[in-house]
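Got your viewer open? Here's a walk through one model, stop by stop, with something to select at each.

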Amino acid sequence: MTEPLLVDRTDGVVTLTMNRPTAMNALDVALKEALRDALAALETDRSCRAVVLAGAGGSFSAGQDLREHVQVLESPGRDPLDTVRAHYNPIAARLANLPRPVVAAVRGMAAGAGASLAFLADFRIGGPKTKFLMAFAGVGLAADTGASWTLPRLVGHAKAVELLMLAEPVDAAEAYRLGLLTRLVDDDEQVLPTAQELAARLAAGPTVAYGAIKRQLSIADAGTLADALSAEAQAQSICGGTADHRAATTAFVNKQKPVFQGN
């Protein structure tokens with residue numbers, strides 16, 4: 001049986017590849033459960049210093065597997081959208097709160113929940129064929145997998161309303177202009193290597209500080225200045241006690257290049 005999620009580990013970078021290429025990596029229960037559980041395991045995996053999220057074949061992810069969803073809709077007594085609480089919410093929370101940098105290699109189509117997954121990453125790399133489609137309204141649904149939270153922060157409230165309600169595709173150039181993509185490479189074949197190269201750079205950096213930065217920004221987005229200042233004080237207390245901070249400070253004073261160990 002083909003594994004729905006491939007896991008590769010190289011020099012501290014864990015690449016999670018959604019592996020249903022013949023279905024454009026549509027998210028069926030098996031894939032959602034595998035992704036949810038893999039992310040849960042990475043939360044406490046000290047050997048993981050950065051994560052790449054990718055899709056096999058020519059697409060990132062077409063979102064919810066609608067063929068499977070139709071079967072649920074036709075099953076009496078079942079909550080057709082229970083998957084939001086059982087799968088999508090835990091996946092979104094774990095991606096957003098993972099104390100490691102996350103890079104999405106968005107090759108080809110990212111639609112619906114697939115686009116939402118990409119928006120939860122810290123960095124998104126795309127190529128000429130990259131395309132985003134907030135497809136939810138097209139099948140009579142509202143946003144899920146964190147899109148109502150991530151999208152306004154990436155493009156602003158008004159543009160988020162437009163993308164979610166009109167459900168029109170956004171091509172690679174427009175996605176880069178809007179900030180949906182961090183980097184746009186010239187060749188689709190280079191999307192994954194570029195994402196992994198960036199992840200390797202991040203994995204060699206001060207990963208405790210990166211995790212603290214992610215938490216700071218999350219708190220500041222939703223809170224007051226007082227909340228942000230409190231989070232900054234807590235983060236600096238944690239980071240200031242790391243071996244990485246002490247070693248990097250010494251290296252700076254001695255005009256040397258710092259080496260970060262992630263502790």
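## First stop: a bridge between helices

Select D221, which is partly exposed with a relative accessible area of 46%. Keep in mind as you click around that this is a predicted model. Now add R153: the two side chains form a salt bridge, with the closest N and O atoms 3.5 Å apart. D221 lies in helix α9 and R153 in helix α5 (residues 147-155), so the pair ties together parts that are 68 residues apart in sequence. R153 counts as partly exposed too, at 37% relative accessibility.

## More charged pairs

The structure holds ten salt bridges, so there's more to click on. Next up, pick D122 and K214, whose closest N and O atoms are 3.0 Å apart in a salt bridge. D122 sits in the loop between α4 and β6 while K214 belongs to helix α9, so this pair ties together parts that are 92 residues apart in sequence. Buried or exposed, what is K214? K214 is buried, at 14% relative accessible area, whereas D122 is partly exposed at 29%.

Then select R20, D28 and D65, which are linked in a network of salt bridges. Within that network, the D28 and R20 side chains meet at 3.5 Å, N to O. D28 counts as buried, with 13% relative accessibility.

## A charge without a partner

Move to D244, in helix α11 (residues 243-253). How far away is the nearest side chain of opposite charge? That side chain is R49, 5.2 Å away, and D244 is buried yet has no salt bridge. The cut-off is 4 Å between a side-chain nitrogen and a carboxyl oxygen, which is why a 5.2 Å separation doesn't count. To see what does surround D244, leave aside neighbours within four places in sequence and show its contacts: P206, V259, F260, Q261, G262 and N263.

## The six-stranded sheet

Switch to cartoon view. Six strands form an open sheet in the order β1-β2-β3-β4-β6-β9, with mixed pairing. The edge strands are β1 and β9, each pairing on one side only.

Start at the β1 edge. Strand β1 (residues 5-10) and strand β2 (residues 13-18) pair in the antiparallel sense over six bridges. The two form a hairpin with two residues between them, and D11 in the turn has a positive phi of about 50°. Select T10 and you'll find V13 as its bridge partner in β2.

Further along, β3 and β4 run parallel and are joined by four bridges; V51 is bridged to V102 in β4. Strand β4 (residues 102-106) then pairs in the parallel sense with strand β6 (residues 123-126), over four bridges. There, V103 has F123 as its bridge partner. At the β9 edge, β6 and strand β9 (residues 183-184) pair in the parallel sense over two bridges, with G126 opposite L184.

## A helix packed on the sheet

Now select helix α8 (residues 191-203). At 1.5 Å a residue, its 13 residues should span 18 Å, and the end C-alpha atoms are indeed 18 Å apart. Colour its buried residues: V191, T194, A195, L198, A199, L202 and A203. Those residues pack against β2, β3 (50-55), β4, β6, β9 and α9 (207-222).

## The three-stranded sheet and its rings

Three strands make another open sheet, in the order β5-β7-β8, again with mixed pairing. Its edge strands are β5 (109-111) and β8 (170-171), each pairing on one side only. Strand β7 (residues 131-133) runs parallel to β5 and is joined to β5 by three bridges. Select A110 and its bridge partner F132 in β7.

Keep F132 selected for the structure's one aromatic pair. The rings of F119 and F132 have centres 5.2 Å apart and planes at 35°, so the pair is tilted. F119 lies in helix α4 (residues 113-119) and F132 in strand β7, so the pair ties together parts that are 13 residues apart in sequence. Both F119 and F132 are buried.

## Last stop: a histidine

Finish with H87 in helix α3 (residues 82-97). H87 is buried, at 8% relative accessible area. Show its contacts, leaving out neighbours within four places in sequence, and you get V29, K32, E33 and R36.

How values were computed: Residues numbered from 1 in each chain as written. Predicted model: local features only at pLDDT ≥ 70, side-chain atom pairs only at ≥ 80, totals over all residues. Heavy atoms only, no water. Pairing = 2+ DSSP bridges. Expected span 1.5 Å × (residues − 1). Buried < 20%, exposed > 50% of the residue type's maximum accessible area, 1.4 Å probe, protein only. Contact = heavy atoms within 4.5 Å. Lys, Arg positive; Asp, Glu negative; His and termini not counted. Phe/Tyr/Trp six-rings, centres within 6.5 Å; stacked < 30°, edge-to-face > 60°.
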